[in-house]
Amino acid sequence: MRRKEPRVLLLISPDSVEEALDCAKAAEHLDIVDVKKPDEGSLGANFPWVIREIRDAIPADTPVSATVGDVPYKPGTVAQAALGAVVSGATYIKVGLYGCTTPDQGIEVMRAVVRAVKDHRSEALVVASGYADAHRVGCVNPLALPDIAARSGADAAMLDTAVKDGSRLFDHVPPDVCAEFVRSAHARGLLAALAGSVRQSDLAPLTGIGTDIVGVRGAVCEGGDRNAGRIQPHLVAAFRTEMDRQARAHAAGVPAGN
Ligand SMILES: O=C[C@H](O)COP(=O)(O)O
């Protein structure tokens, strides 16, 4: 049976139709299928026809998200790419503000994206994503994302990691600062999403932080390898089981351990 209101939404990122079919086998355990192309970057954009094929391949009640890329500070270019993603069937549109160095640049890009997406499909959700390791790539401070998202009319603020070299979300933004990010998003009426080589052992702090969405690829791939490994349905199921265990422990006020 499909989950109705999971405490935290699980977003899984396949890179192909074949991997999306493996996600479909685990559809009861995940909430959002997030199409990306990891060989084009952390939030690399896949082809429109891949988004369309994935939309057609997975259960109709599972929303499709698509990443628009690790985008430059080029509002027109990014708005067109975002329109391409929503026309192709995605209802979550994720934008990685890689080339934006200031909040004003991020707002300019995201306002253009929000207009392009919502003019086409008003109920689609726009996600403004920053990078926990922004200091390594010179982009906007991750804690600026909730304000950028709110001021541009986006629906969610997200953090991921830009450099996929084994370092993880909490290596760059510790749990107490992630908690501040989530509070800041919620105070602005936004969803908060956290990702970045997240593992099952991160689920206890992530649950406590109160994030709405956890984004994962590597942890549900064979051998934990987001590049060479493929998404495994049994690893998706195991990840969900641990999310649920942590959610129950949190609700009961009892630490679940790892
Ligand atoms: O949106 C989520 C990302 O796909 C996370 O990928 P990762 O868990 O391999 O860092």
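These legends go with a set of close-up views of a predicted model.

**View 1. Strand β1 and its two parallel neighbours, β8 and β2**.
Start with the side chains of β1 (residues 9-12). In a regular strand the side chains alternate between the two faces of the sheet. Here Leu9 and Leu11 point one way, while Leu10 and Ile12 point the other way, and all of them are buried. On one pairing, β1 and β8 (residues 213-216) run parallel and are joined by four bridges. Look for isoleucine 12, whose bridge partner in β8 is valine 216. The pairing of β1 with β2 is also parallel, over two bridges, and there leucine 11 has isoleucine 32 of β2 as its bridge partner.

**View 2. Helix α1, on the way from β1 to β2**.
Together, β1, α1 and β2 form a β-α-β unit that is right-handed. Within α1 (residues 17-25), the buried residues are Glu19, Ala20, Asp22 and Cys23. These residues sit on the same side of α1, because the arc they cover around the axis is only 155°. What do the buried residues of α1 pack against? They meet β1, β2, α2 and α10 (residues 233-252).

**View 3. Valine 33 and its surroundings in β2**.
Valine 33 is part of strand β2. There are 26 other C-beta atoms within 10 Å of valine 33, so this residue counts as buried. Who is around it? Leaving aside the neighbours within four places in sequence, valine 33 is in contact with Ile12, Pro14, Ala20, Cys23, Ile54, Ile58, Thr62, Val64 and Ser65. Take Ile12 from that list: isoleucine 12 and valine 33 are 21 residues apart in sequence, yet their C-alpha atoms are 5.3 Å apart in space.

**View 4. Strand β3, with β2 and β4 as parallel partners**.
Strand β3 (residues 64-70) is mostly covered, with seven of its seven residues buried. Strand β2 (residues 32-35) runs parallel to β3 and is joined to it by three bridges; for valine 35, the bridge partner in β3 is alanine 66. The connection goes by way of helix α2 (residues 48-57), and β2, α2 and β3 make a right-handed β-α-β unit. Strand β4 (residues 92-96) is likewise parallel to β3, this time over four bridges. One pair to pick out is serine 65 with its β4 bridge partner, tyrosine 92. From β3 the chain crosses through helix α3 (residues 75-87) to β4, in another β-α-β crossover that is right-handed.

**View 5. Helix α6 and what covers it**.
How many of the eight residues of α6 (residues 145-152) are buried? Six are, so this helix is largely enclosed by the rest of the structure. The buried ones are Leu145, Pro146, Ile148, Ala149, Ala150 and Ser152. Their cover includes α4 (residues 103-120), β5 (residues 125-131), β6 (residues 156-160) and α8 (residues 175-187). Just past the end of α6 comes glycine 153, with a positive phi of about 85°.

**View 6. Two loop residues, serine 197 and asparagine 227**.
Serine 197 belongs to the loop between β7 (residues 191-195) and α9 (residues 203-209). Its phi is near 50°, a positive value in a residue other than glycine. Serine 197 is buried, because 23 other C-beta atoms lie within 10 Å. Asparagine 227 is in the loop between β8 and α10. Is asparagine 227 buried or exposed? Exposed, because it has 11 other C-beta atoms within 10 Å. Asparagine 227 and proline 174 are 53 residues apart along the chain, and 25 Å separates their C-alpha atoms.

**View 7. The shell around the ligand**.
There are 15 residues around the ligand, and the ones that come nearest are Ser13, Ala195, Gly215, Arg217 and Gly218. What kinds of residue make up the shell? An even split, as it happens: five nonpolar, five polar and five charged.

Terms used:
Residues are numbered from 1 along each chain as its sequence is written. This is a predicted model: local features need pLDDT of at least 70, side-chain atom pairs count only at pLDDT 80 or more; totals for chains, interfaces and linings use all residues. A residue is buried if 20 or more other C-beta atoms lie within 10 Å of its own, exposed if 12 or fewer, and partly exposed in between; C-beta atoms are placed from the backbone. Two residues are in contact if their C-beta atoms, placed from the backbone, lie within 7 Å. Two strands pair if DSSP finds at least two bridges between them. A crossover is right-handed if, with the strands pointing away from the viewer, the path from the first strand over the helix to the second runs clockwise. A residue is near a molecule or strand if its C-beta atom, placed from the backbone, lies within 6 Å of it. Ala, Val, Leu, Ile, Met, Phe, Trp, Tyr, Cys and Pro count as nonpolar, Asp, Glu, Lys and Arg as charged, and the others, Gly among them, as polar. The arc is that of the directions from the helix axis to the C-beta atoms.
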